[in-house]
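Visitor: Please show me the sequence and the structure together, and then let me put some questions about how the chain is arranged.

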Amino acid sequence: MTMLGAKIAAARAVGELARRAGRGGGTSLPGKVLMALEPGAISELSARLPRGSVVVSATNGKTTTAAMVASVLGRAGIPVVHNRAGANMAGGVASTLLAAARGGGRIDGELGLFEIDEFWLDRITPELEPRGILLGNLFRDQLDRYGELETIADRWAAVASAASEGGGARLVLNADDPLIADLGRDAPNVTYFGVEDRSVAIPEMQHASDSKHCRRCGAAYVYDAIYMGHLGLYRCPSCGQERPVPSIAAERIELDGTRLSKFELATPAGSATVELPLPGLYNVYNALGAAAICLGLDVPLGDVAAGLHDVRAAFGRAERIAIGDVELQVLLIKNPAGANEILRTLVLEHEELDLLAVLNDRTADGRDVSWVWDADFEMLAGRVRRVTCAGTRAAELAVRLKYAGVPTERLHVTPALAPALDEALAAVESGHLYALPTYTALLELRQELSARGHAVRFWEPAPVGGR
């Protein structure tokens, strides 16, 4: 056994002990151990992938986008090494490569597909030396951890510049996000994607919109159409910079409540109708990014459309779980822009809404939860039948909903998640309960559902035929 092989065996043993203890340590702990033993493990293992790697990052939607890419590549018959559980920092990437490593220096898979945390992108990308980098959006998120958007944008700009030098990695960028589009202005190898359907535009800029000023000259952008947050058709009246024309575009978009979306995918290779089993304009954007990166990998357009149709909801991202006679749909909320799109999708439902809203302020959520005051919960006023508020900041969430116009008699505060879930399920009349958890609340909810036998643990594979 080689020295690296011995270190891999030791790291795997640690992960197995963690799993047996029920801690789910298989997602990142083995990788952390491996990197402590072998600091260059990510670089060395990823270099063994025959087709190289691609990386996906965004503030919102990176897990779902990566799942879409995996579905398309699976349809095309390309085996991937993918951190599907969402462990997207260095430990998670190392654990994923570790799990795929076999004897004789082999990797069980052909192409690496890695979702990367936005704050880790500049540290992990150089080690992976990817052939493609998909960047979806930048929104204000966890200011106490990340700082302002410009902090991340500067780090991403360095990644984009270094990765594309000499015609290296292809950049796949969202043309509708000014901060993202700007990263490819001088790149030799870039593909832009975006929405080309003004029927889904919103009437005015939302309060939660972030990037409103030109990164180059500081002037306020003028928008001809706004699709979500600060994404849309923009131009700078001062220096003339404007939204690039996307080569991969969504046209004729149809949004069907919390379940489906449909659009025409326009590409240089032709057009295809995409029927996406996921809701909202935000998932149309995710699908566009996935389509763009896969087409850049020479996947046929027919396989792209079929793979997007076959995608299953990623962990906590619009997945549906049957609990007796109630269908629970889990919709992660973690920042104003993402929350607004979830709310915008919910109000498309025709029935009154039963909600389980869970607000935590743990480290992975961000200690500062003032963002709930920037999210447009006013959209729900008059549409809610009942809200069960849970989590470490349940009372504050109830106050926010009260100020949004939700009648106080429809608000119920039960901080502990397990009794809150029981209470919300028992009170449902329509047969549908929508859970809106923040990140650590999502993990806690999944653990609770797993303990009750309604869902697998997030580090385990889903059963065949399961949702």
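The questions and answers below go through strands, helices, surface and salt bridges in turn.

Visitor: What kind of model is this, and how are its residues numbered?
Guide: This is a predicted model, in which local features need pLDDT of at least 70 and side-chain atom pairs count only at pLDDT 80 or more, while totals for chains, interfaces and linings use all residues. Side-chain values use heavy atoms, with hydrogens and water left out, and residues are numbered along each chain as its sequence is written, from 1.

Visitor: Is strand β7 largely enclosed or open, and how many of its residues are buried?
Guide: Strands here are DSSP runs of E with at least two residues, helices are runs of H or I with at least four, and both are numbered from the N terminus. Buried means under 20% relative accessible area, exposed means over 50%, and partly exposed lies in between, with a 1.4 Å probe and protein chains only. Strand β7 covers residues 222–228 and is largely enclosed by the rest of the structure, because the number of its seven residues that are buried is five.

Visitor: Which residue of β8 stands opposite M228?
Guide: Two strands count as paired if DSSP finds at least two bridges between them, and five bridges join β7 to β8 (residues 231–235), the two running antiparallel. They form a hairpin with two residues between them, where G229 in the turn has a positive phi of about 55°. Opposite M228 in β8 stands L231.

Visitor: Which elements help to cover the buried residues of helix α5?
Guide: Helix α5 (residues 90–100) is mostly covered, with ten of its eleven residues buried, among them V93, L97 and L98. Taking contact as heavy atoms within 4.5 Å, the cover includes α1 (3–20), α2 (29–37), α3 (41–46), β2 (80–82), β3 (111–115) and α6 (121–128).

Visitor: In the open sheet of six strands, which are the edge strands?
Guide: The sheet has mixed pairing and runs in the order β12-β13-β17-β14-β15-β16. Each edge strand pairs on one side only, and these strands are β12 (317–323) and β16 (411–413).

Visitor: What angle does the direction of helix α14 make with that of β15?
Guide: Within the sheet, the twist averages 20° from one strand to the next, where axes are lines fitted to C-alpha atoms (for helices over the stretch in contact) and angles run from 0 to 180 degrees between N-to-C directions. Helix α14 (residues 417–427) packs on this sheet, touching β12, β13 (326–331), β14, β15, β16 and β17, and its direction makes with that of β15 an angle of about 170°.

Visitor: Which residue of β17 is the bridge partner of L356?
Guide: Four bridges join β14 to β17 (residues 432–437), and these two strands run parallel. The bridge partner of L356 in β17 is A435.

Visitor: Is G280 buried or exposed?
Guide: G280 lies in the loop between β11 (270–276) and α10 (281–296). Leaving aside neighbours within four places in sequence, G280 is in contact with L255, G257, S261 and T345. Because its relative accessibility is 3%, G280 counts as buried.

Visitor: How far apart are the closest N and O atoms of E444 and R362?
Guide: A salt bridge is a side-chain nitrogen of Lys or Arg within 4 Å of a carboxyl oxygen of Asp or Glu, and a search of the whole structure finds 31 of them. E444 and R362 form one such bridge, with their closest N and O atoms apart by 3.6 Å.

Visitor: How many residues apart in sequence are the parts that E327 and R259 tie together?
Guide: The side chains of E327 and R259 meet in a salt bridge of 2.5 Å, N to O. E327 lies in strand β13 and R259 in the loop between β9 (248–256) and β10 (260–267), so the pair ties together parts whose separation in sequence is 68 residues.

Visitor: Is D182, the salt-bridge partner of R185, buried or exposed?
Guide: R185 and D182 have their closest N and O atoms 3.8 Å apart, and R185 is partly exposed, with a relative accessible area of 25%. D182 has a relative accessible area of 11%, and therefore counts as buried.
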